[in-house]
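Here are a few exercises to work through at your own pace. Have the structure open, try each task, and then compare your steps with the solution.

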Amino acid sequence: MSDDTRYHKLEPGAEAHDGEPPEAPRWYTLDALRQQPDRSSLLRFLFETVLVLAVIGLGLKIALDSGKGYQGPNNPRKDFGFVDKLFMNESKYANEAAFADPEQLHKTLAEWLPLSSKGRGFVRIPEDQRARLDSPPYLLNPLHRPRAEETYMVSGLHQLHCLSTIMDSYAQLRQGKDQAELGYHIAHCFDYLRQGIICAGDSTLEGNNSMKYPGVEIPWGTSHRCADWGAILEWADERTIWPFPPGLDIL
């Protein structure tokens, strides 16, 4: 047999030399498809699949625990989202004139009312959504209706109430009015705000923005990542028990 015949590639159906049947190339048969997968390759595939799933799961956990999707035991099962807010002085919410003039104080505190919900933070939570909460509802009747109602209060709106109460009391003192009877309430509000500030833990790094915003006092002009207050108010309004009537200056 000559060399050129010995190494000639045989195609399917071609005649073999010396009367031998041709052997079909491997890629033309079903043997390769029927061949059992290699055990080590299968184990490697399973290992890589588990590893990918573990990485995805870890990434989701980190994203949830990073703050945006975190839910504590007493948080609504809703992600309100975040917005970037530039902190600037807004004198309509606090100004020196309000501390000296009762009429100006009334106008200033009226600006705070739209910052709260229609029910001033009191919300109705159905019984089937209370199982995970660690406390029962209040039984209150703030507007002196025929009967009291079960209610919870949104903490951020409670904090807003406390801050406006402190400002009102301080202005009353500046105007010469006795505030001794509010001492216990004011002490409660100071401590409640202390804990609320620590809980929120705003770690924004504030700098000197006087060049960017000439005439603006430090530390105004710094952008903060804030909870979407509008989304919180919308959620609270949908669950309001007692819509407070217009003109009722209670925050």
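The exercises below deal with helix packing, aromatic pairs and salt bridges.

This is a predicted model, in which local features need pLDDT of at least 70 and side-chain atom pairs count only at pLDDT 80 or more, while totals for chains, interfaces and linings use all residues. Residues are numbered from 1 along each chain as its sequence is written, and side-chain values use heavy atoms, with hydrogens and water left out.

**Exercise 1.** Describe how helices α5 and α6 pack.

Solution. Start with the elements: α5 covers residues 102-110 and α6 residues 155-174 (helices are DSSP runs of H or I with at least four residues, strands runs of E with at least two, numbered from the N terminus). Next, take the geometry: the angle is about 175 degrees and the axes are 11 Å apart (axes are lines fitted to C-alpha atoms, for helices over the stretch in contact, and angles run from 0 to 180 degrees between N-to-C directions). That makes α5 roughly antiparallel to α6 (angles over 145 degrees). Finally, list the contact (heavy atoms within 4.5 Å): α5 supplies Leu105, Thr108 and Leu109, and α6 supplies Ser164, Met167, Asp168, Ala171 and Gln172.

**Exercise 2.** Find the geometry and setting of the aromatic pair Tyr93 and Trp112.

Solution. The whole structure holds four aromatic pairs (ring centres of Phe, Tyr or Trp, the last by its six-membered ring, within 6.5 Å; planes over 60 degrees apart are edge-to-face). For Tyr93 and Trp112, the centres are 6.4 Å apart and the planes are at 85 degrees, an edge-to-face pair. Tyr93 sits in the loop between β1 and α4, and Trp112 in the loop between α5 and β2, so the pair ties together parts 19 residues apart in sequence. Both Tyr93 and Trp112 are buried (buried is under 20% relative accessible area, exposed over 50%, partly exposed in between, with a 1.4 Å probe and protein chains only).

**Exercise 3.** Where in the chain are the partners of the salt bridge between Arg225 and Asp84, and are they buried or exposed?

Solution. In total there are seven salt bridges (a side-chain nitrogen of Lys or Arg within 4 Å of a carboxyl oxygen of Asp or Glu). In this one, the closest N and O atoms of Arg225 and Asp84 are 2.4 Å apart. Arg225 belongs to strand β5 and Asp84 to strand β1, 141 residues apart. Arg225 is exposed at 56% relative accessibility, and Asp84 is exposed at 51%.

Note on methods
Angles under 35 degrees count as roughly parallel, over 145 as roughly antiparallel, 65 to 115 as roughly perpendicular and the rest as oblique. Rings of Phe, Tyr and Trp (its six-membered ring) pair if their centres lie within 6.5 Å; planes under 30 degrees apart count as stacked, over 60 as edge-to-face and the rest as tilted.
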